[in-house]
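Here's a quick briefing to get you oriented. Take a look at the sequence and structure first, then go through the topics below.

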Amino acid sequence: MSDPIFLRPLTAPDADRGEVVEFGPDKALTLDCGRTLTSWRLAFKTYGKLNAARSNAILICHALTGDQFVASAHPVTGKPGWWETMVGPGKPIDTDRFFVIASNVLGGCMGSSGPAEVNPETGKPYGLDFPLVTIRDMVRAQTFMIDHLGVDRLMCVMGGSMGGMQALQWTVSHPERVVAAMPIACAARHSAQNIAFHEVGRQAIMADPEWHGGAYYEHDTQPSKGLAVARMAAHITYLSEPALQRKFGRNLQKAGGISFAFAPDFQVESYLHHQGSAFVDRFDANSYLYITRATDYFDIAADYGGVLAEAFRGCKTRFCLISFTSDWLYPTHENKRIAHALNAAAANVSFVEIESDRGHDAFLLNEPQMFATVRGFINAVAGSEGVAP
Amino acid sequence: MSLRSDLAAIAGLIPQNARVLDVGCGDGALLEYLSETKNVDGRGLELSQQKVNASVARGLPVIQGDADTDLGEYPSQVFDVVILSLTIQATRNPRAVLSEMLRIGRRTIVSLPNFGHWHIRLGLLAQGRMPRNKTLDNEWYDTPNIHLCTIADFVDLAETCGAEIEQAFALTPTGRTKPMSPRSWGPNLLAEAAIFLLRGNH
């Protein structure tokens with residue numbers, strides 16, 4: 001185990017950087033694409049303590065551009081953890097009671113193996129030589145990490161968006177290791193619309209001349225413009241139309257009125273520009289390509305003759321699904337499709353739809369009903385697992 | 001914990017450690033009671049999202065859904081008992097709902113308000129108005145109870161669905177339950193509500 005290496009300078013050098021575990025040929029990782037990583041690593045951060053019975057571990061999986069800094073300052077940006085409202089002492093995921101493991105994903109850029117990492121065989125960053133990864137590969141990699149931490153069974157696997165996909169994949173790939181799962185605002189497959197938006201983002205990155213066919217590391221540059229545009233387009237999908245309207249309407253940047261030019265006139269434009277440029281400062285463009293691809297390839301039912309319920313047959317895991325009314329990226333009906341399949345498999349499932357006009361991002365925000373749901377579900381699971389209150 | 005009297009009577013019919021589906025589980029009171037007192041592996045289906053959210057926040061496995069449309073998803077004979085308490089009169093297709101329940105559960109428990117109760121009969125005769133009481137407290141144009149029936153009517157439906165009535169209980173206005181003979185005229189006149197334990201022909 002060693003200190004993770006981050007691609008970007010640290011704004012908060014004093015922040016806890018978490019850990020990284022390195023795996024060698026004895027822990028080779030064979031991926032869905034057929035290639036094998038014989039030297040690879042996964043970065044993670046833990047909170048709380050594993051109890052003597054090793055029964056209180058909760059794995060938190062992050063969304064597309066998230067990371068392991070769930071409940072503590074991000075060393076690169078200096079910002080608070082992305083789910084501090086959910087995870088921490090006395091929070092719904094109470095770190096005084098549970099051992100929280102937050103994993104960075106394979107293919108990511110916060111210390112785990114990914115396209116920006118140096119390929120041990122060539123001594124140069126992988127770039128596009130890094131193998132394509134899938135959600136299943138991300139989960140496979142996480143199994144090595146929890147083995148390393150001495151955790152056999154996870155009391156719960158949870159996450160929103162792509163994190164929810166990983167949670168679902170855990171229950172399908174390793175049902176015996178997952179007592180409960182909480183996939184939030186996600187889907188069991190990427191829809192045509194989901195794939196379409198991702199393709200816009202990828203094309204924006206690849207159209208940037210600074211991308212250099214993915215080998216920009218060697219040119220000491222990065223496709224900042226393309227990545228920013230990708231983020232801008234994606235960010236719109238995370239918000240609802242009413243939320244955007246309420247926040248910005250047609251408000252102008254300057255009191256003087258419109259400029260009859262293409263500099264940002266509207267507040268919503270500069271907001272998006274800010275989102276784009278802030279993102280470029282913390283994320284790797286190739287990682288964005290790889291991770292969006294992983295979600296596009298995600299379709300649990302495809303491995304089970306197109307019948308989602310078959311994926312969950314015999315699954316003993318307790319599920320709690322949460323969706324948000326105004327989420328049009330992973331809408332309620334996609335979450336409900338999972339609930340229906342779980343019913344058909346006679347699995348133990350709760351499903352809650354939360355009224356919110358904040359779109360997909362609601363899962364990251366202060367949504368008291370979500371916290372109440374998580375708290376109730378987690379406490380029930382912990383109680384039946386005999387985890388001390 | 002004090003449970004609504006019909007629910008307490010239903011709880012009395014559920015065996016220890018049973019796998020139970022409560023269709024129209026409301027605020028989850030019965031499920032909670034059963035899991036605490038009988039170690040039941042319970043699930044709930046409830047139309048009202050608010051009630052679902054409140055139940056899940058209390059740690060109960062409940063999903064939002066509609067008895068009329070969603071029971072078809074469940075596999076056959078996976079639950080020991082499927083419960084429908086004071087809800088059948090609010091379904092769009094009571095026959096289909098009952099058939100699905102009989103298919104899903106090895107046993108089915110149905111409780112219903114008895115429209116044949118003397119008070120209702122008398123009210124209609126004397127006042128010439130749609131009856132209202134504690135359980136049926138809505139104007140005729142504003143009621144969720146679109147398929148009211150009497151005990152005798154339900155017994156016919158059970159027969160039509162091929163169900164065997166294993167036990168039947170009459171519920172008195174004071175909340176007492178007593179075994180009844182479902183085909184006799186007495187309970188149909190005197191019971192305010194009834195509970196049936198049914199077995200399908202699966």
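Two residues count as in contact if their C-beta atoms, placed from the backbone, lie within 7 Å. With that in hand, 71% of the contacts in chain A with a separation of 6 or more are between residues 24 or more positions apart. Keep in mind that this is a predicted model.

**Chain A as a whole**

- Chain A has 10 helices and 12 strands.
- Of the 389 residues in chain A, 53% are buried.
- Measuring along the principal axes, the C-alpha atoms of chain A take up a box of roughly 65 × 50 × 45 Å.
- What radius of gyration does chain A have? It comes to 21 Å, which agrees with the value near 21 Å for a compact globule with 389 residues.

**Two domains**

- Chain A is assigned two pieces: domain 1 (19-190 + 299-384) and domain 2 (194-293).
- The centres of domain 1 and domain 2 of chain A, taken over C-alpha atoms, are 26 Å apart.
- Where the domains of chain A meet, 27 residues of domain 1 are in contact with 22 residues of domain 2.
- On the domain 1 side of that meeting place in chain A, you'll find 13 nonpolar, 10 polar and four charged residues.

**The largest nonpolar core**

- This core has 177 residues, and the ones touching the most other members are Ile58(A), Leu154(A), Cys156(A), Ala181(A) and Ala194(B).
- Domain 1 and domain 2 of chain A both give residues to the core, so it lies between them.
- Pick out Ala181(A) for a closer look: leaving aside neighbours within four places in sequence, its contacts include Cys156(A), Val157(A), Met158(A), Ala167(A), Leu168(A) and Trp170(A).
- Thr171(A), Thr317(A) and Phe319(A) are also among the contacts of Ala181(A).

**Helix α2 of chain A**

- Helix α2 of chain A covers residues 162-173, and its 12 residues should span 16 Å at 1.5 Å a residue. The end C-alpha atoms of this helix are indeed 16 Å apart, which agrees.
- Is α2(A) mostly covered or mostly exposed? It's mostly covered, with 11 of its 12 residues buried.
- The buried residues of α2(A) include Met162(A), Met165(A), Leu168(A), Trp170(A) and Val172(A).
- What do those buried residues pack against? In chain A, the partners are β5 (57-61), α1 (135-148), β9 (154-160), β10 (178-184), α7 (285-297) and α8 (308-311).

**Where chain A meets chain B**

- Chain A brings 20 residues to the contact, and chain B brings 16 residues.
- On the chain A side, β11 (318-324), α9 (332-344), β12 (348-354) and α10 (368-384) each supply at least two residues.
- Which element of chain A gives the most to the side that touches chain B? That's α10(A), with seven residues.
- The residues on the chain A side divide into 10 nonpolar, eight polar and two charged.

**A loop residue: Asp152(A)**

- Asp152(A) is in the loop between α1 and β9 of chain A.
- With 11 other C-beta atoms within 10 Å, Asp152(A) is exposed, because a residue with 12 or fewer counts as exposed.
- Not counting residues up to four places away in sequence, Asp152(A) touches Arg54(A) and Arg177(A).
- Asp152(A) and Arg177(A) are 25 residues apart in sequence, yet their C-alpha atoms are 6.5 Å apart in space.

Note on methods: Residues numbered from 1 in each chain as written. Chains lettered and ligands numbered in written order. Predicted model: local features only at pLDDT ≥ 70, side-chain atom pairs only at ≥ 80, totals over all residues. Core = buried A, V, L, I, M, F, W, Y, C linked by C-beta atoms within 7 Å. Buried ≥ 20, exposed ≤ 12 C-beta atoms within 10 Å, placed from the backbone. Domains from an automatic or database assignment. Nonpolar A, V, L, I, M, F, W, Y, C, P; charged D, E, K, R; others polar. Helix = DSSP H or I, 4+ residues; strand = E, 2+ residues; numbered from the N terminus. Expected span 1.5 Å × (residues − 1). Rg over C-alpha atoms; globule rule 2.2 N^0.38 Å.
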